[in-house]
Every structure is written in C-alpha cells, then in structure tokens.
Amino acid sequence: MTLSSGALFALGLFVALWLLAGLWAVGRGIAMQRRAAFVAGQGERLASLVEASPQLPVIVRADWRIEASEKLGRWLGLAQGPRNFDELRGLGSGLDPDGHDALRQAILGAQRGAKPFTLSLKPQGSERTIILHGAPAPQAVGGPGSVLLWLSDATDGQHALAQARSERDEAMAAFEALSGLIEAAPFPMWFRGTDLNLALVNGAYVRAVEAKSAVAVIDGGIELCETVAGVSAAEAADEARIAGAAQVRTIPVTIEGERRIMRVVDVPLAPTGGRVIGIAGYAIDIQELESERGAHRRFVDTQRELLDRLSAAVAQFGPDQGLSFANLPFRRLFGLEAEEVAEAAPFARLLDAWRERGRTPEVRNYPEWRQAHVDWFAQPGASEEDWLLRDGTHLHVVAQPTPDGGLLLIAEDKTEQVQLAGARDTLLRVRTATFDNLFEAIAVFAPDGRLHLWNQRFRRLWGIDEATLAAHPRVDVLMGGLADRLVKPNQISIVQEVIRAATLERQQRGGEIGFADGRYFDFASIPLPDGNALLIMLDITPSRKMEGALRERNEALEAADKVKTAFLSRMSYELRTPLTSIGGFGEMLQAGYAGKLSEQQQGYVNAIMDSVGVLGRQIDNVLDLAQGEAGSLVVERAPVDVRQLLDRALADAQALAAAEKVELVGNISPDLGRIDGDAPRLSRLVAGLLDNAVRYTAPARKTDGRVLLHATGDGRAVEIIVSDNGPGMPEAVAAVTRGQQAGTTSGGIGLALARQLVAAHGGTMEVVSEPGQGTLVRVSLPRRV
C-alpha cells in the first residue's frame with residue numbers, strides 16, 4: 001500500500017514531533033530527577049542541621065500528635081521518642097505533672113490566641129534544664145492549630161549563669177570589703193576618672209583636707225597635693241596614665257594644718273591591659289620615716305666614727321657580700337687599700353687578698369675553707385674563730401650575720417693577751433712552786449670563808465690530807481676539826497676570828513698559838529686586794545727557845561747589875577771615909593797645925609788637896625751613876641741661879657783650858673733666871689761637860705782648839721749647849737745613844753751621868769758628834785717639874 005506523499009509527510013512530521021516530544025520528556029525527566037536529587041540533598045542537609053542544632057524543633061498538631069526526632073526522648077529521659085503529647089509525661093522520667101500541665105496550658109494559649117511563650121522545664125530524674133520557646137506553627141509546617149516548639153538544653157548555660165551570679169556576688173562582696181578597707185585606711189586614698197577629676201575619696205582624705213564630706217571634696221575638686229615644681233596633682237596622674245605604670249613622688253603636704261612629708265603614688269587602672277579607665281592614688285605619711293632615716297644616718301655616721309676610735313677591727317658587709325665599711329684598725333690590721341673599700345670589694349675576693357698578705361691562717365684545703373667562710377652570710381647565728389697568722393699574730397674573729405643579709409666582722413688582736421696568758425701560766429707555776437717551798441705555812445681564804453689556796457707546809461703543819469683541802473672547806477669546818485692539835489684547843493676560835501676580820505672587816509690581825517707537840521707559831525691574816533684573805537703562820541719555836549734563854553740571861557744580868565750597883569754604892573761610901581780623913585789632915589797641914597811649911601811642902605799639900613777634890617767628885621759621880629742605874633737617884637729641889645752657876649763652872653774650867661792651850665768661850669744670856677734643881681749636881685753636870693770638851697779637844701788640835709759654852713732661856717726652859725771643834729767622839733755618842741757606858745773613861749762616865757742627871761731634873765739631852773768636826777751637847781732644863 002502506497003502512501004501519498006502528503007501522508008508520508010504527515011507521518012514523518014508526526015514521528016518527528018513524537019521524537020521531539022520524547023526528547024523533551026526525557027530531558028524534563030532528567031531535569032526533574034536532578035531537582036529531586038537536589039531537594040533530597042537539601043532535605044538531608046536541613047535534617048542534619050536540625051539534628052546538629054542546639055535547639056530541637058517539635059510540632060504539636062491540633063490533635064496533640066507530636067512530630068519530633070528521637071533526640072526529644074533522650075532529652076526527656078524516655079525510652080523512645082513520644083508520638084503524642086501525653087507520652088511526654090512518664091513514671092520517673094519525662095515531665096513531671098506540674099510541668100506537663102504548664103506546657104499544655106501554654107500550647108492551648110498559643111493555639112487559641114496565637115500567643116508565644118517561653119518555659120523552663122526540668123525532666124524528672126535528670127539534672128538537665130530545658131528551655132521551651134513556643135508559637136503557632138506556620139501553615140506550611142503544621143497546618144491549622146499546630147504549635148511549633150523550639151527546645152534548647154540550657155543545663156550548661158544555667159550552670160554558667162549560676163557561676164556568673166556566684167562570681168558576681170563574690171565580686172560585689174569583695175568590692176564592698178575593698179570599699180570598706182579603703183574607707184578605713186588611715187592614709188588618704190582617691191580615684192580619678194578618665195577626665196582626671198576626683199570621683200572617689202576616703203574618710204582619711206576628707207580629714208586631711210579638713211572638708212565636711214567626701215561629696216564636698218569631689219564637688220569642690222579639693223586637692224590634697226599642692227602644685228610642686230610646676231606639677232599639679234592632676235598632671236601627675238596624667239603622667240601615670242601616659243606612662244601606663246605607677247608614678248611615685250615624695251612631696252610636702254599639709255595634713256590637718258600640719259606640714260608633713262608624704263609619699264604620693266598614682267596608679268593607672270587598665271583591666272587586662274585594656275585602655276585606662278581611671279587613676280587610683282594614695283598618700284603615705286613618711287615624716288617619721290624620714291626623721292628616723294635621718295636619725296639612722298646620723299647614728300650610722302656616729303657609729304662608724306666611734307668604730308674608728310675602737311681598738312678592735314670592725315668591718316661591715318652588705319647583702320651583696322660587698323665591703324661597705326671598715327674602721328681604721330681593720331684597714332691597718334688587714335692592709336686594706338682605699339680602693340678596696342671604695343669599690344665595695346666582695347668578701348670572697350678579700351679573703352684571697354688577705355691570704356696573699358698572710359692575714360689568714362694556713363689551712364690544708366683553702367678552697368673549702370674559703371667557701372665555709374663565705375657561707376657565714378647564710379648562718380643563723382654568730383661564728384667565732386681564732387686565727388694564727390704566719391707572723392705569729394693571734395686574732396679572735398667574730399662573724400655576726402645581720403638581718404638585712406649582710407655580715408658584721410670583728411677581729412681582735414689577742415697576741416698580747418696570749419703572751420700574757422702564757423706569762424700568767426708561768427707565773428702561776430712559779431707561784432705554786434714558791435708557795436710550796438716557802439718556810440711559812442700559807443693559806444688563802446675567799447670572801448665567803450672557803451679555803452682557796454694553800455701550800456704543802458700548811459697541809460703538813462696541820463696534818464690534813466690533800467682530798468680534804470681540795471674540797472675547799474669553809475674556815476669553820478676546817479678549823480673545827482683541828483682544835484686537838486693545839487695546846488689550848490679553844491685558841492682555834494682566835495684563828496677563825498682573825499680570818500673573818502680579814503675577809504669581812506678588811507682588817508689585819510695576828511696572834512700566837514702553841515701546838516701540842518711543843519711548837520709555837522706566829523700567825524697573821526692580811527686582807528688582799530681581790531677580797532681574799534692571806535693567812536701566814538711562821539714557826540717561832542727556835543725564837544721562843546732563844547727568848548727564854550735571853551730572858552734567863554737578862555734576869556742573871558739584872559741580878560749582877562744589882563750586885564754591881566750595891567758594890568759601887570758600898571765602895572763609894574767606904575772610899576769616902578779615908579778620903580775624908582786625907583782631906584781633913586791636908587787642910588790641917590795647909591792651916592799650919594803641924595808647923596809652918598816650906599814652899600815645896602806647901603806645893604805637895606796643895607797637890608794632895610787637888611787630888612782629894614778630884615777623887616771626891618769622881619766618887620760622887622760613881623755614886624750618882626749607880627743610884628741612877630738603880631733608879632734611886634734623888635735630887636734636891638731648890639731655886640738655882642743658872643747664870644751664876646754657869647759663870648762659876650766657866651771660871652773653874654779656865655785653869656784646865658789654859659793648861660791644855662784650848663780657848664774657852666762663854667756666851668751666856670744675862671736673863672737666864674732661876675730653875676728648881678739640885679745645885680751641886682748641876683754644877684758637876686756642867687763641869688763634867690766642859691772638862692770632857694777641853695780634854696777631847698786638846699790632844700787632837702795643837703792650836704786653835706776652842707770650846708764654847710752657850711746658854712739661853714725662855715719662860716718654859718733653859719737651854720745649855722757645850723760645843724767643841726775637836727775630833728768628835730762617835731763611839732761615845734753611840735754608846736750613850738744606846739744607853740750604855742762607854743768604858744770607864746771620864747768622858748764616858750761624864751756623858752752617862754750627865755744624861756741621868758738631866759733626866760732626874762725632867763730635862764732632855766742631845767749629843768751630836770761628827771768625826772773631824774767636833775761634838776755638840778744640848779741640854780734642856782725645865783723651869784718647873
């Protein structure tokens with residue numbers, strides 16, 4: 001069957017259209033497929049975003065069906081996701097009845113009045129807090145009567161909020177405490193805003209500027225600090241703001257009408273390095289501190305000046321162990337140079353320098369020794385050492401750490417003391433050896449009466465063992481057990497009393513005691529300068545024996561002297577009888593009873609009469625001397641004209657002086673007056689002195705021999721002086737001075753008798769004789785006895 005061309009054309013057109021429609025359908029299908037894939041992808045992304053969102057969307061439809069993800073069940077603690085509203089409430093999980101009802105009422109309000117709401121719910125048995133934001137759902141989402149809920153887990157937020165509230169409360173409490181502290185601060189404090197004007201001041205500030213209140217200070221802009229060196233208080237705060245750090249000034253400030261030195265500090269406040277929000281400031285009164293600092297500087301200067309005057313070497317080191325001060329003795333002792341002091345040389349370096357100069361002791365391990373001494377700075381207490389230097393110097397070193405971390409070093413030269421200590425030890429040994437070898441028994445008692453020192457003779461004398469003495473017993477205990485050693489035991493109390501007087505009363509006393517074995521001791525207790533008492537006991541047994549022998553001999557001599565005196569007295573009387581007869585017959589011959597005598601016979605008789613006179617005077621002298629020695633010399637008292645007596649004695653001696661070729665001179669005062677005495681004996685006294693003077697002067701001097709009789713007187717006494725220029729008579733003077741007779745010569749008898757006659761008249765006699773110069777005898781006789 002053939003088709004027409006038109007049919008073919010129509011068929012071809014139809015096929016072509018169909019092919020085009022198919023191609024268009026295929027292309028649209030592909031496009032729709034792509035769009036579906038895109039929409040599905042978008043849906044998945046939106047679902048993922050919703051799932052990852054911190055908020056959970058929930059749709060509650062009008063019939064109370066719920067559309068939500070499974071996450072809602074996990075948030076509410078349910079076993080599975082709820083499908084209707086009543087499933088939100090469960091037993092022990094989900095919402096509690098109150099929360100469930102509150103949510104229901106809120107949803108009803110949103111359904112009926114399109115009213116949004118916000119609730120905070122807490123599922124049962126969970127610490128989770130859920131915030132619900134509800135509103136009517138869009139028509140495209142839920143349809144009519146649906147409500148869209150957005151749930152968010154606010155557990156972390158609530159915790160953060162609670163923490164923030166706690167921190168806020170703490171901050172507010174700290175701020176209030178800080179405000180109270182600032183207000184109670186005893187020194188002015190203030191705060192400036194960004195405009196540098198005062199915004200806050202405390203009570204101390206108000207009192208300092210003498211304002212009524214803090215408001216008055218802030219409103220009036222009353223500044224505490226005055227403008228100093230062209231810088232005001234606000235400008236100083238601005239400098240702190242610009243510098244971004246605290247600025248400190250020390251300026252004078254008037255506080256309550258009194259000028260004080262204050263340390264003013266401005267501190268910029270910038271939280272965590274941000275911009276400055278204000279300037280805080282405070283002022284501290286340092287007037288007392290400055291005064292004390294000045295006083296401390298003056299004290300340090302005075303102390304260092306004083307240390308320079310000390311003999312001890314003193315150095316001070318600072319906390320950095322550098323030398324800060326060394327006095328003159330320290331610099332001289334350790335050879336410090338001025339540069340070492342000026343540059344504050346470290347202690348360790350100084351030790352090295354001192355070692356080189358030989359000013360440290362020689363040690364085996366110097367580095368260890370050096371470190372140990374550097375550690376002095378860290379020691380809790382003082383350290384003391386003795387250093388023996390190479391040159392023999394002994395140093396006592398004391399290192400005292402100071403509270404500031406420094407060190408005070410004191411070095412004292414003990415060389416002389418060490419030497420003195422050695423000498424003292426030697427002296428103690430010598431003293432001990434001396435004490436033990438003394439002949440005397442010696443003991444030293446302390447002020448409290450205890451035995452302190454003793455020698456071996458003391459121990460052996462009392463028979464005490466060494467252990468008893470070593471216990472240093474008291475004197476009463478020691479002596480109480482020694483009474484049986486004495487002849488008279490009660491005499492032991494005398495020894496105790498003597499020791500007590502020396503220790504307590506500081507008086508020296510002594511005595512004598514006898515021991516039972518026949519020994520005798522002199523003892524004395526002597527106070528010592530240190531308060532002790534020295535007891536010395538000397539054995540006088542030989543002296544006592546000698547004394548006894550001498551006493552017996554003296555008694556024998558006294559008896560012999562009495563016999564001699566009696567003999568002389570008897571002989572004087574017996575010699576006077578024949579002498580009287582001789583004188584009587586001589587006088588008869590001179591008178592011519594036997595006839596007239598020739599001239600030669602007359603000379604013989606005259607010579608006999610002269611000898612009788614001399615012998616008579618000698619007998620009278622011997623008799624007076626014997627009576628004087630026996631103490632029985634009696635003088636007759638009668639007024640005696642002294643000048644007449646002396647003139648007659650001078651005239652009687654002229655013949656002898658002329659014969660001996662000696663010049664006899666008298667210098668007698670005319671107003672001598674009278675004395676009460678025995679005229680014959682006084683005549684013999686003066687005659688004997690003149691006779692001795694002439695006889696001793698003549699043999700020694702061939703020419704220019706001279707004897708002077710000088711006499712003066714006053715209202716109390718008469719003084720008679722006989723002097724010569726002879727050879728002197730030292731033996732006679734010595735004998736008379738000792739009260740002895742110088743032999744049997746007339747001179748010796750004359751001096752001895754003269755002394756007795758002067759004493760019998762109550763006078764005094766003095767003899768002065770120089771060899772080669774002569775002799776002077778001075779006699780003083782009182783007017784009345």
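1. Start with the place where two helices meet: in this predicted model, F347, A348, R349, L351, D352 and R355 of helix α11 touch Y366, W369, R370, H373 and V374 of helix α12. Sorted by character, the residues of this contact are six nonpolar, one polar and four charged. As you turn the structure, try to pick out both sides of the contact.

2. Now look at how these two helices are placed. Helix α11 covers residues 347-356 and helix α12 covers residues 366-374; their axes lie 10 Å apart, and the packing angle is about 135°. That angle makes α11 oblique to α12. The handedness of the crossing between α11 and α12 is right-handed.

3. Y366 deserves a visit of its own. This residue sits in helix α12. Is Y366 buried or exposed? Its relative accessibility is 9%, so Y366 counts as buried, since the cut-off for buried is under 20%. Setting aside neighbours within four places in sequence, Y366 has contacts with L351, D352 and R355. Take D352 as an example: 14 residues separate Y366 from D352 in sequence, and their C-alpha atoms are 9.5 Å apart in space.

4. Just ahead of this region, have a look at A344, in the loop that links α10 (338-342) to α11. The phi angle of A344 is near 55°, which is a positive value in a residue other than glycine. With 34% relative accessibility, A344 counts as partly exposed. R506 makes a good companion to study: its phi is also near 55°, again positive in a residue other than glycine. You will find R506 in the loop between α17 (492-503) and β18 (509-514). R506 has 35% relative accessibility and therefore counts as partly exposed.

5. Next, the nonpolar cores. In soluble globular proteins, nonpolar side chains tend to be buried together. Here the largest nonpolar core has 37 residues, and the members touching the most other members are L646, L689, L690, V707, L709 and M765. Which helices and strands each supply at least two residues of this core? The helices are α20 (642-659), α21 (679-697) and α23 (746-760), and the strands are β22 (663-668), β24 (706-713), β25 (717-724), β26 (764-770) and β27 (774-782).

6. To get a feel for that core, follow L646. Not counting residues up to four places away in sequence, L646 touches I668, L672, V686, L709, A711 and I720. There is also a second, separate core of 28 residues, which includes F334, F347, L351 and L395. You have met two of these names already: F347 and L351 are among the α11 residues that meet α12.

7. Compare the first helix pair with α20 and α21. The axes of α20 and α21 come within 9 Å and cross at roughly 35°, in a right-handed crossing. On the α20 side the contact uses L645, L646, R648, A649, L650, A653, L656 and A657; on the α21 side it uses A679, L682, S683, V686, L690, D691, V694 and R695. The residues of this contact divide into twelve nonpolar, one polar and three charged.

8. Finally, step back to the whole chain. How many helices and strands does the protein chain have? There are 23 helices and 27 strands. The protein chain has 785 residues, of which 35% count as buried. Among contacts between residues at least 6 apart in sequence, 47% join residues at least 24 apart.

Terms used:
Residues numbered from 1 in each chain as written. Predicted model: local features only at pLDDT ≥ 70, side-chain atom pairs only at ≥ 80, totals over all residues. Heavy atoms only, no water. Axes fitted to C-alpha atoms, helices over the stretch in contact; angles between N-to-C directions. Helix = DSSP H or I, 4+ residues; strand = E, 2+ residues; numbered from the N terminus. Parallel < 35°, antiparallel > 145°, perpendicular 65-115°, else oblique. Left-handed = near helix turned anticlockwise from the far one by under 90°. Contact = heavy atoms within 4.5 Å. Nonpolar A, V, L, I, M, F, W, Y, C, P; charged D, E, K, R; others polar. Core = buried A, V, L, I, M, F, W, Y, C linked by side-chain atoms within 4.5 Å. Buried < 20%, exposed > 50% of the residue type's maximum accessible area, 1.4 Å probe, protein only.
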